[in-house]
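Hi,

Here is the structure I promised to pass on. Have a look at it first, and my notes follow underneath.

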Protein chains: 2
Amino acid sequence: MDYPQPLVTVDAVLLTLRDGCLQVALHRRPAEPFRDRLALPGGVVHVDQDASVEAAILRVLLDKTGFRPRYIEQLGVFSGPDRDPRSWSVSIAFVALVPEAALTEATEGIFHFHSVDALPALAFDHGTIVAAAVQRLRNKTRYSTLPTQLLPQRFTLSQLQATYEAIVGHPLNKAAFRRKIEEEGVVVATDAYTQGGAHRPAQLYEARPVELFDRTIA
Amino acid sequence: MDYPQPLVTVDAVLLTLRDGCLQVALHRRPAEPFRDRLALPGGVVHVDQDASVEAAILRVLLDKTGFRPRYIEQLGVFSGPDRDPRSWSVSIAFVALVPEAALTEATEGIFHFHSVDALPALAFDHGTIVAAAVQRLRNKTRYSTLPTQLLPQRFTLSQLQATYEAIVGHPLNKAAFRRKIEEEGVVVATDAYTQGGAHRPAQLYEARPVELFDRTIA
DNA sequence: ATAATAGTGTCTATGAGACAGTATGCG
DNA sequence: CGCATACTGTCTCATAGACACTATTAT
């Protein structure tokens, strides 16, 4: 039982929709290794504080940003002797989807946002981790209702469609999209409508609530 | 960087098809904790030997069973202070799909096989891990070609269909199944046929090869 | 009225399931 | 020849996309 153990860390890919494209929240590392490079928010698992790796990533996000995501799931484990120059390390990566407003309010000045399609070189193997997160989201978007988590509490069906389109990268058919959303019970209609703008107001919808940590692992 | 670190282990859910139903390979623990309880094959990550957690699980399987699976993927991380009475621990779980013949030859006398739908109480949280593995396989079976990995090198389309049916738990339409398999390019026809039996021989097919570690994470 | 976006009715093409038919080996 | 299983042709129904049409607000 007394082998040297790897360093166990947790990292989060916080995805949000800004300016109509999918962006990831990164911070600039203040210290070595990879000083001044952009990196995912993350930290070390504390066995004396954390009840699980899920609890650890929530603690890290809360400490760093005062912010708790509405949806987060395990992405995968990234490991090896060389990814962190300090030690053989294991990173347990998570993906979280966050509405833009919530994220930018809570993390003013902490995060830099970059479109996931045009990332600079990141610290560690964080570029690989972001790529895996985006691939996961794109795949799941085909058959799940995750993208609702990127929108504020109330949204219109046009906004929801634009969100799906930003993720999958191509336009969707309006009638078909609405039929599908309707029949899947993804969203709940409210009796509120948008106002303002020289056009017909749109009905507002809410996402059906989901589990914070989904174990429906594809 | 000198926090106490969790114990990092790797465990594998080896799934195979026996007697027409999905079964998992388990061994009886020879020592405490959970002595004499059935458990998943697994072991501790050795930072001086292993290049990654993937390398670690392959080493463990090779050492325990002399056997290397044709397909294996990360399932998820199971963690906490109580799942192993010795220490706060992290188990990185994998799912592997294995043809029955390969598995039983290599592991004669090492493993006990149990249908995944009628498991006894397992060591640690291994019951939870098996359930997650089965759920993952059932989900992926809907839109991927994984079940080919449960069959021997060459197989008939009827065998493949029976495999899918055993996994998803309900009968499939023959014509539709063949159309789909055909057009997806899942399998490659050989010019060999079965023989024996008082009926028309069936053409033999082979699975298109897949990556050992798939990162196509749903 | 016009512009602009919301929302719907309907035609069509594509794919899945049902089912019955044909094919071909062995005894 | 007849049985058992392999394989296929075709009908039907459900679903997805295309697209045009109506609806409703502010200016």
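**What I found around the DNA and between the helices**

Helix α5(A) gives the largest share of the surface near DNA strand C, namely four residues. Before I go on: this is a predicted model, where local features need pLDDT of at least 70, side-chain atom pairs count only at pLDDT 80 or more, and totals for chains, interfaces and linings use all residues. Residues are numbered from 1 along each chain as its sequence is written, chains are lettered from A and ligands numbered from 1 in the order in which they are written, and side-chain values use heavy atoms, with hydrogens and water left out.

Helices here are DSSP runs (H or I, at least four residues), numbered from the N terminus.

**DNA strand C**

Strand C is surrounded by 20 residues, and the closest are A:Ser158, A:Lys174, A:Gln203, B:Arg179 and B:Ala198. A residue counts as near a strand if one of its heavy atoms lies within 4 Å of it. Sugar or phosphate makes up 51% of the atoms of DNA strand C within 4 Å of the protein, and the rest belong to bases.

Now the polar contacts (pairs of N or O atoms within 3.5 Å). A:Ser158 has a polar side-chain atom 2.9 Å from a phosphate oxygen of DNA strand C. From chain B, an N or O atom in the side chain of B:Asn173 is 3.1 Å from a base nitrogen of this strand, and a polar backbone atom of B:Gly197 is 3.3 Å from a sugar or linking oxygen. The elements giving two or more residues to this surface are α5 of chain A together with α5 of chain B.

By class, the surface near DNA strand C has eight nonpolar, six polar and six charged residues. For the classes, Ala, Val, Leu, Ile, Met, Phe, Trp, Tyr, Cys and Pro count as nonpolar, Asp, Glu, Lys and Arg as charged, and the others, Gly among them, as polar.

**DNA strand D**

There are 20 residues around DNA strand D too, and A:Arg179, A:His199, A:Arg200, B:Lys174 and B:Gln203 come nearest. Of the strand D atoms that come within 4 Å of the protein, 55% are accounted for by sugar and phosphate.

Which atom of DNA strand D lies 2.9 Å from a backbone N or O atom of A:His199? That is a base oxygen. A polar backbone atom of A:Ala198 is 3.4 Å from a base oxygen, while B:Lys174 puts a polar side-chain atom 3.0 Å from a base nitrogen. For this strand, α5(B) brings the largest share of the surface, four residues.

**Helix packing**

Two packed helices are described by the angle between their axes and the distance between the axes. The axes are lines fitted to C-alpha atoms over the stretch in contact, with angles running from 0 to 180 degrees between N-to-C directions.

In chain A, α4 (residues 157-168) and α5 pack at about 100 degrees, with axes 11 Å apart. The two are therefore roughly perpendicular to each other (65 to 115 degrees). Contact means heavy atoms within 4.5 Å, and residues meeting here include A:Leu160 and A:Tyr164 in α4(A) and A:Phe177 and A:Ile181 in α5(A). The residues of this contact divide into five nonpolar, two polar and two charged.

Best wishes

How values were computed:
A polar contact is a pair of N or O atoms within 3.5 Å; within protein, one must be able to donate a hydrogen and the other to accept it, and residues adjacent in sequence count only if both atoms are side-chain atoms. Angles under 35 degrees count as roughly parallel, over 145 as roughly antiparallel, 65 to 115 as roughly perpendicular and the rest as oblique.
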